[in-house]
Amino acid sequence: MEFRQLQLFVAVAEELHFGRAAARIGMAQPPFSQQIRRLESELGVELLTRTSRRVALTAAGSRLLEDARALLARRADVIHSVQQAASGETGTLRVGFAASSAFGVLPDIVLRFRTRFPKVKLELDDSETLDVGAALASGELDIAIIRAPFRHEGLTVERLLRERFVLALPARHPRARQQVVALSSLANEPFVLFPRHSAPGLHDLVTSMCLGAGFSPNILQEASSWPSVVGMVEAGLGLTIAPASSQALCPKGVVFRPLSGAPGYAELVVAFPGTRPAPAAQHFRVLAHEAVSRSGRSASD
């Protein structure tokens, strides 16, 4: 028994007329009738009673009509579901991100994705112990948004955002009255930073800029999340150097100031396996670039 035979049977069962049913399907009547006979032969039952004046369903035919409609509807649902999965409109998308990428851009990307693809289950992973490169290469993650520099064999890495660094300090700190703070003037200040294992690129870049300004940063405290870092700054435990987008999440007791003598840029990148991401990941990638573009920031400044 084939789906095509069921489609033909449903047509004649609903029309109760072989000529009209054949026309509805777009077939000549003789082969149409032959297919119905073949179906009855395969099932070993009579589905229709035929006379010169009328066609009627047998008890077996009535039963098959109900089941055939359900099977054909289920088939259509399966086809639609498979097509949606193939186009990235359903399924699960696993996204990795570094703690330092959570502020500024990521919330907007996630909101856009959930709005446009509500049937895709989004799983976000910012585990401190996660090796993002290995997770992408192994298929544990589908796509990631992390801080540069980032390189890993077999992955494509695209720049999303390039931004200046700023200084975050307690509002009551004497330097908060300055419009611009020289990086070299912070040699004796305590710092609060992300631990290197959670954001190695960002950590190394900040350290390198400080060394270029003539001092090694005195890292008094470390915290893996931006709320914890900025909370420690607000409490007066130290200052921190962060990407400009970090200003989007700022408590009242913290101010941000531009830095002079800080030549580096913070870069946010999107990474995925191979040369083109899977369908759902491709949607996420496109929306990530769109979010950055709509925000008025640049990926190349």
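Contact here means that heavy atoms lie within 4.5 Å of each other, and with that in mind the tour can begin in this predicted model.

Start by colouring the protein chain by domain: domain 1 covers 3-87, domain 2 is made of 94-160 + 267-295, and domain 3 spans 162-265. If you place a marker at the centre of domain 1 and another at that of domain 2, taken over C-alpha atoms, 48 Å separate them.

Now select helix 2, residues 18-25, and show the side chains of Phe18, Ala21 and Ala22, which are the buried residues of this helix. Looking down the axis, you will find that they cover an arc of only 100°, which puts them on the same side of helix 2. The spacing fits a general rule, since an α-helix has 3.6 residues a turn, so residues three or four places apart point the same way. What do the buried residues of helix 2 pack against? Add helix 1 (3-15), helix 3 (29-43), strand 1 (48-50) and strand 2 (55-57) to the selection, because these are the elements that the buried residues of helix 2 pack against, contact being heavy atoms within 4.5 Å. Before leaving, step to Gly26, which follows helix 2 and has a positive phi, near 90°.

Elsewhere, select Phe3 and Arg75, where the charged end of Arg75 sits over the ring of Phe3, 4.9 Å from its centre.

Move next to strand 6, residues 155-170, and pick Glu158, which lies within this strand. Is Glu158 buried or exposed? Its relative accessible area is 18%, so Glu158 counts as buried, the cut-off being under 20%. Display the side chains of its polar partners: the side chain of Glu158 makes a polar contact of 2.6 Å with that of Arg285, and another polar contact, of 3.0 Å, joins the side chains of Glu158 and His289. Leaving aside residues up to four places away in sequence, Glu158 touches Leu268, Val269, Val270 and Phe272 as well as Arg285 and His289.

Then turn to the aromatic rings, among which the count comes to 4 aromatic pairs. In one of them, the ring centres of Phe113 and Phe117 are 5.3 Å apart and the planes stand at 35°, so the pair is tilted. Phe113 is buried at 0% relative accessibility, and Phe117 is buried too, with a relative accessible area of 15%. Adding Phe284 to the selection completes a cluster, in which ring pairs link Phe113, Phe117 and Phe284.

For the last stop, select Arg162 and Tyr265: Arg162 lies over the face of Tyr265, at 3.7 Å from the ring centre.

Definitions and conventions:
Residues numbered from 1 in each chain as written. Predicted model: local features only at pLDDT ≥ 70, side-chain atom pairs only at ≥ 80, totals over all residues. Heavy atoms only, no water. Buried < 20%, exposed > 50% of the residue type's maximum accessible area, 1.4 Å probe, protein only. Helix = DSSP H or I, 4+ residues; strand = E, 2+ residues; numbered from the N terminus. Arc of directions from axis to C-beta. Polar contact = N/O pair within 3.5 Å; in protein donor to acceptor, adjacent residues only side chain to side chain. Domains from an automatic or database assignment. Phe/Tyr/Trp six-rings, centres within 6.5 Å; stacked < 30°, edge-to-face > 60°. Lys NZ or Arg CZ within 6 Å of the ring centre and 35° of its normal.
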